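Work through the exercises below with the coordinates open. Each task is followed by a stepwise solution.

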Amino acid sequence: MTGKTQYHIFETAGGPCGIAWTAAGVVRFQLPGEDAATTQRLLLRHLPDAEPAEPPPAVARAIEAAQRYFAGEEADFTDVPLDLAGQTDFFRAIYDAARRVHWGETTTYGTIARDLGAGPEGAREVGQAMAKNPVALIIPCHRVLAAGGKVGGFSAPGGASSKVKMLALEGISFAPPEPAQQTFGF
């Protein structure tokens, strides 16, 4: 991270979120918590020296996009500047690949690993990067699934059920398909 860290807690249709930034970009995004105090506590657990502040324009645009997202509207975070200092080069490459997965799309840990030239064992590293993603939603780790299109893990509050809810906002369902034929009703 570069320089002083500031943060802001804000409301969305999904609950209160938190965002923290430095002069270089966003360093942390906290997905909705039960209440603003919980969201703030979770955010500050990782950034104990962060100070509350009004967001600069680029961060304000990220907040507006998050509010649209949790209202079920398509939102794009690809232009949000990030401060990923302290991440390995491979994790940064993984995060760059995940940022290319757009609204309503999914990929798998294995696909990202393969696209980055890593062998089958690379899928595990992709999973680790997703679990340690400091800016969930902005780097859309919820769109990265396990093999076979299974949901996989999610380290945010609510775990995998939160991941399913976020994907549902984008029109992606894990419900079984409706039967092709109608039943007789008896």
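**Exercise 1. Strand register**

Start with one residue pair: A20 stands opposite R28 in β3. The model is a predicted one. Task: find which strands pair with β2 (17–22), and in which direction they run.

Solution.
- Step 1. Take β3 (25–30). Five bridges join β2 to β3, and the two run antiparallel.
- Step 2. Check the connection. β2 and β3 form a hairpin, with two residues between them.
- Step 3. Turn to β1 (residues 6–10). Five bridges join β1 to β2, again antiparallel. Here F10 stands opposite C17 in β2.
- Step 4. Check this connection too. β1 and β2 form a hairpin with six residues between them. In the turn, G15 has a positive phi of about 125°.

**Exercise 2. The faces of β2**

Task: decide which residues of β2 lie on each side, and whether they are buried or exposed.

Solution.
- Step 1. Recall the strand rule. In a regular strand, side chains alternate between the two faces of the sheet.
- Step 2. Sort the residues. C17, I19 and W21 are on one side, and G18, A20 and T22 are on the other.
- Step 3. Apply the burial cut-off, under 20% relative accessible area. Both sets are buried, and both faces of β2 are covered.
- Step 4. Conclude. Six of the six residues of β2 are buried, so the strand is largely enclosed by the rest of the structure.

**Exercise 3. Two helices, two buried faces**

Task: find where the buried residues of α1 and α5 lie around each axis, and what they pack against.

Solution.
- Step 1. Recall the helix rule. An α-helix has 3.6 residues a turn, so residues three or four places apart point the same way.
- Step 2. List the buried residues of α1 (residues 36–46): T38, T39, L42 and L43. They cover an arc of only 130° around the axis, which puts them on the same side of α1.
- Step 3. Look at the other side of α1. A37, R41 and R45 are exposed there.
- Step 4. Find the partners. The buried residues of α1 pack against β1, β2 and β3.
- Step 5. Repeat for α5 (residues 122–131). Its buried residues are G122, V126, A129 and M130. Seen down the axis, they fall within an arc of 100°, so they line one face of α5.
- Step 6. Find the cover of α5. It includes α3 (89–99), α4 (109–115) and β6 (144–145).

**Exercise 4. Nonpolar cores**

Task: identify which residues touch the most other members of the largest nonpolar core, and which elements supply it.

Solution.
- Step 1. Recall the background. In soluble globular proteins, nonpolar side chains tend to be buried together.
- Step 2. Rank the members. The largest core has 41 residues, of which I19, F29, F77, M130, L137 and I138 touch the most other members.
- Step 3. Assign the elements. β2, β3, α2, α3, α4 and α5 give two or more residues to this core. The largest share, seven residues, comes from α2.
- Step 4. Look for a second core. A separate one of six residues includes V27, L43, L47 and A50.

**Exercise 5. Charged and aromatic pairs**

Task: locate the salt bridges, then describe how Y69 and W103 pair.

Solution.
- Step 1. Search the whole structure. Two salt bridges are found.
- Step 2. Take R143 and E170. Their closest N and O atoms are 2.9 Å apart. The pair links distant parts of the chain: R143 is in the loop between α5 and β6, and E170 is in the segment after α6 (159–169), 27 residues apart. R143 and E170 are both buried.
- Step 3. Take D115 and R114. Their closest N and O atoms are 4.0 Å apart. Both residues are exposed.
- Step 4. Count the aromatic pairs. There are four. Y69 and W103 form an edge-to-face pair, 5.4 Å centre to centre, with 80° between the planes.
- Step 5. Place that pair. Y69 is in helix α2 (residues 57–70), and W103 is in the loop between α3 and β5 (107–108), 34 residues apart. Both Y69 and W103 are buried.
- Step 6. Extend the pair. Y69, F70 and W103 form one aromatic cluster.

How values were computed:
Residues numbered from 1 in each chain as written. Predicted model: local features only at pLDDT ≥ 70, side-chain atom pairs only at ≥ 80, totals over all residues. Heavy atoms only, no water. Buried < 20%, exposed > 50% of the residue type's maximum accessible area, 1.4 Å probe, protein only. Helix = DSSP H or I, 4+ residues; strand = E, 2+ residues; numbered from the N terminus. Arc of directions from axis to C-beta. Contact = heavy atoms within 4.5 Å. Salt bridge = Lys/Arg side-chain N within 4 Å of Asp/Glu carboxyl O. Phe/Tyr/Trp six-rings, centres within 6.5 Å; stacked < 30°, edge-to-face > 60°. Core = buried A, V, L, I, M, F, W, Y, C linked by side-chain atoms within 4.5 Å. Pairing = 2+ DSSP bridges.
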